[in-house]
Amino acid sequence: MTFRTAYGNARSENGWRMCNRDACERIYVPGADNQFLAAMIVRSGPSEVVLRAWAIWYHRNVERLDLFKSGVGDDWGWSAVNDVANSNHLSGTALDFNAVQYPWGQRTMPTGRKQKIRDGLNLFEGNIFWGADWARADEMHYQLNGGTASGDGASEKLKAFARRLESGHLGLLAASPVPTPTPGPVARPTLRRGSTGGEVKYLQSQLNRMFASYSKLTVDGDFGPATESVVREVQRRSNLAVDGIVGPDTWRAAGVK
Ligand SMILES: [Zn+2]
């Protein structure tokens, strides 16, 4: 996960560090045709959790996100370049929904739909800002609000909101297991270099959460050299056999029951 300067700016408008693609991941929206959401790429971590939850809420309550079925669709997130020098797309903290319907600078959205969106924004407790509120309207555009960034990452406020969403708040995200300090039987599979899929994603996000000082993995579900290197470091520091293989002891060391 690496940072950058974009058009001379170290941070985008909302205070987030400008980042490269490797600090980001794709959002998946349950029930949508995700092949047309392939450009919905956002900053990994609490930012991804909150923006994903927002995308899911919008898809369920406002309108489908996969309306435009061509190429990678018209729903966009992180971008390498932008017309606006301090755009929050450059830091992976903004999303555009159904861009074809809502051209930049125009107000085309029906009133009822706008009201529905306002209701949703209230549920997100000020963490999401809508581009319709700019003088130059951008009705497709949603971004993490000012105050959601701190240092190189998320503010405590955003982290806390992301944790609540992950534990079932608003019913948008599947609840993730709550780590327990008590050693117990492990239902997790053994993972090693070459493993892929949801369990690897879970492991990577758990490592990033538990060992933020040295685990800055891209949560891509691909157990490669970077993931193995973090696993070995965890094992070294936990006095376990340093083999890079995630079995019961290493899962426990990573805070998973
Ligand atoms: Zn935008």
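In strand S5, glutamine 143 is the bridge partner of phenylalanine 129, and this pairing is a convenient point of entry into what is a predicted model. Phenylalanine 129 falls within strand S4, residues 128-130, which is joined to S5 by three bridges, the two strands running antiparallel. On S5 there is a second pairing to follow, since tyrosine 142 stands opposite leucine 95. Strand S3, residues 94-96, likewise pairs with S5 over three bridges and in the antiparallel sense. As a general matter, strands of a sheet pair through backbone hydrogen bonds, in either a parallel or an antiparallel arrangement.

Taken together, these pairings give an open sheet of three strands, ordered S3-S5-S4, with antiparallel pairing. Because S3 and S4 stand at the edges and each has a single partner strand, one side of each is left without a neighbour in the sheet. From one strand to the next the twist averages 20°. Helix H1 packs on this sheet, where it touches S3, S4 and S5, and the direction of H1 makes about 150° with that of S5.

Which residues of S5 are buried on each of its faces? Strand S5 spans residues 141-144, and both of its faces are covered, with His141 and Gln143 buried on one side and Tyr142 and Leu144 buried on the other. The general background is that side chains in a regular strand alternate between the two faces of the sheet.

The helix that packs on the sheet deserves a description of its own. H1 comprises residues 46-61, 16 residues in total, and its span from first to last C-alpha is 22 Å, close to the 22 Å expected at 1.5 Å a residue. Most of H1 is covered, with 14 of its 16 residues counted as buried.

The sheet and H1 also meet in the largest nonpolar core, which has 41 residues, and within which Val50, Trp54, Ala55 and Leu95 touch the most other members. Two or more residues are given to this core by each of strand S2 (41-43), H1, S3, S4, S5 and helix H3 (156-166). H1 supplies the largest share, nine residues. Leucine 95 illustrates these connections at the level of a single residue: once its neighbours within four places in sequence are set aside, leucine 95 is in contact with Met40, Val42, Leu51, Ala55, Gly77 and Tyr142. Apart from this core lies another one, of 14 residues, including Leu203, Val219, Val234 and Val246.

That other core leads on to the helices later in the chain. Helix H4, residues 198-210, has 13 residues and reaches 18 Å from its first C-alpha to its last, close to the 18 Å expected at 1.5 Å a residue. Its buried residues are Val200, Leu203, Gln204, Ser205 and Leu207, and helix H5 (225-237) is included in what covers them.

Further along, alanine 253 is found in helix H6, and it counts as partly exposed because it has 19 C-beta neighbours inside 10 Å, where 20 or more would be needed for a residue to be buried. Leaving out residues up to four places away in sequence, alanine 253 touches Val234, Ser238 and Leu240. The C-alpha atoms of alanine 253 and serine 238 are 6.8 Å apart, while in sequence the two residues are 15 residues apart. The segment after helix H6 (248-253) contains glycine 255, a residue that counts as partly exposed because it has 17 C-beta neighbours inside 10 Å. Glycine 255 lies 49 residues along the chain from glutamine 206, yet their C-alpha atoms are separated by 7.6 Å.

These local views can now be placed within the whole chain. The protein has six helices and seven strands, which follow the pattern β-β-α-β-α-β-β-β-β-α-α-α-α when read along the sequence. Its C-alpha atoms fill a box of roughly 60 × 40 × 35 Å, taken along the principal axes. For 257 residues, a compact globule would have a radius of gyration near 18 Å, and the 19 Å of the protein therefore agrees with that expectation. Of these 257 residues, 37% count as buried. Among contacts in the protein with a separation of 6 or more, 58% are accounted for by residues 24 or more positions apart.

Technical notes: Residues are numbered from 1 along each chain as its sequence is written. This is a predicted model: local features need pLDDT of at least 70, side-chain atom pairs count only at pLDDT 80 or more; totals for chains, interfaces and linings use all residues. Helices (H or I, at least four residues) and strands (E, at least two) are DSSP runs, numbered from the N terminus. The expected span of a helix is 1.5 Å times one less than its number of residues. A residue is buried if 20 or more other C-beta atoms lie within 10 Å of its own, exposed if 12 or fewer, and partly exposed in between; C-beta atoms are placed from the backbone. Two strands pair if DSSP finds at least two bridges between them. Axes are lines fitted to C-alpha atoms, for helices over the stretch in contact, and angles run from 0 to 180 degrees between N-to-C directions. Two residues are in contact if their C-beta atoms, placed from the backbone, lie within 7 Å. A nonpolar core is a set of buried Ala, Val, Leu, Ile, Met, Phe, Trp, Tyr and Cys residues joined through C-beta atoms within 7 Å. The radius of gyration is taken over C-alpha atoms; the globule rule is 2.2 Å times the number of residues to the power 0.38.
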